[in-house]
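User: Please take a close look at one loop residue in this model and at what it touches. Then set it against the rest of the fold in one connected account.

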Amino acid sequence: MICQRPAHKARGLLWEFVGGKVEPGETKEEALIRECKEELGVLLSVDDVFMDVTHEYPDLTVHLTLFSATIAEGVPQKLEHNDIQWITSAEIGQYDFCPADEVILERIRERYE
């Protein structure tokens with residue numbers, strides 16, 4: 001599942017994976033569960049780390065940890081994003097993603113195509 005960033009945010013209308021910042025005292029897994037509840041209204045069951053990426057934008061450096069996860073409860077809703085889509089690895093090229101996600105997308109293509 002991918003999410004389209006709101007137009008008014010940095011990298012507006014680009015696509016990304018749901019997530020956000022880890023708050024003090026929170027694990028990465030707990031942060032993902034919280035962010036998915038806040039942004040999509042779903043409860044996740046988080047599995048293993050898929051990969052880690054560090055990317056430098058002109059205005060900030062981001063460290064992304066991508067997890068494999070399943071929705072345990074709820075149906076995804078557009079609570080904070082412009083749009084959300086379920087896509088296959090073959091459909092990745094149809095979407096404009098945030099530059100930080102390019103390495104992740106390549107790994108998904110390698111593994112699932």
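Analyst: Contact here means heavy atoms within 4.5 Å. The model is a predicted one. The residue chosen is Pro76, which sits in the loop between strand E4 (61–73) and E5. Setting aside neighbours within four places in sequence, Pro76 is in contact with Met1, Leu40, Val42, Ile71, Ile84 and Trp86. One of these partners, Met1, is 75 residues away along the chain, yet the two C-alpha atoms are separated by 9.5 Å. Another partner of Pro76, Leu40, belongs to a nonpolar core of nine residues that also includes Cys3, Cys36 and Phe67.

That core is separate from the largest one, which has 13 residues. In the largest core, Ile2, Phe17, Phe97, Ile104 and Ile108 touch the most other members. Strand E3 (43–56) and H2 each supply at least two of its residues. In soluble globular proteins, nonpolar side chains tend to be buried together.

Two of those residues can be followed further. Ile108, leaving out neighbours within four places in sequence, has contacts with Phe17, Phe50, Ser89, Ile92 and Glu113. Phe97 is located in the loop between E5 and H2. Its relative accessible area is 7%, so Phe97 falls among the buried residues, for which the cut-off is under 20%. With neighbours within four places again left out, Phe97 touches Ile2, Leu14, Trp15, Glu16, Ile87, Ile92, Glu102 and Leu105.

Trp15, one of the contacts of Phe97, is itself buried, at 7% relative accessibility. Trp15 also forms an edge-to-face aromatic pair with Tyr95, at 5.0 Å centre to centre and 75° between the planes. The structure holds two aromatic pairs. Trp15 lies in strand E2 (residues 15–16) and Tyr95 in the loop between strand E5 (83–85) and helix H2 (102–112), so the pair ties together parts that are 80 residues apart in sequence.

The loop between strand E1 (2–4) and E2 contains Arg11 as well as Leu13. Most residues other than glycine have a negative phi. Arg11, though not a glycine, has a positive phi of about 60°, and Leu13, also not a glycine, has a positive phi of about 70°. Arg11 is partly exposed at 24% relative accessibility, and Leu13 is partly exposed at 40%. The charged end of Arg11 sits over the ring of Tyr57, 3.9 Å from the ring centre.

As for the whole fold, the protein has two helices and five strands, in the order β-β-α-β-β-β-α along the sequence. Its radius of gyration is 14 Å, close to the 13 Å that the globule rule gives for 113 residues, so the protein is as compact as a globular protein of that length. The C-alpha trace spans about 35 × 30 × 25 Å along the principal axes. Buried residues account for 35% of the 113. Of the contacts between residues at least 6 apart in sequence, 56% join residues at least 24 apart. The contact of Pro76 with Met1 joins residues 75 apart along the chain. The accessible surface comes to about 7,000 Å², with 49% of it belonging to carbon and sulfur atoms.

Definitions and conventions: Residues numbered from 1 in each chain as written. Heavy atoms only, no water. Phe/Tyr/Trp six-rings, centres within 6.5 Å; stacked < 30°, edge-to-face > 60°. Helix = DSSP H or I, 4+ residues; strand = E, 2+ residues; numbered from the N terminus. Buried < 20%, exposed > 50% of the residue type's maximum accessible area, 1.4 Å probe, protein only. Lys NZ or Arg CZ within 6 Å of the ring centre and 35° of its normal. Rg over C-alpha atoms; globule rule 2.2 N^0.38 Å. Areas by Shrake-Rupley, 256 points an atom, 1.4 Å probe, with all protein chains shown as cover. Core = buried A, V, L, I, M, F, W, Y, C linked by side-chain atoms within 4.5 Å.
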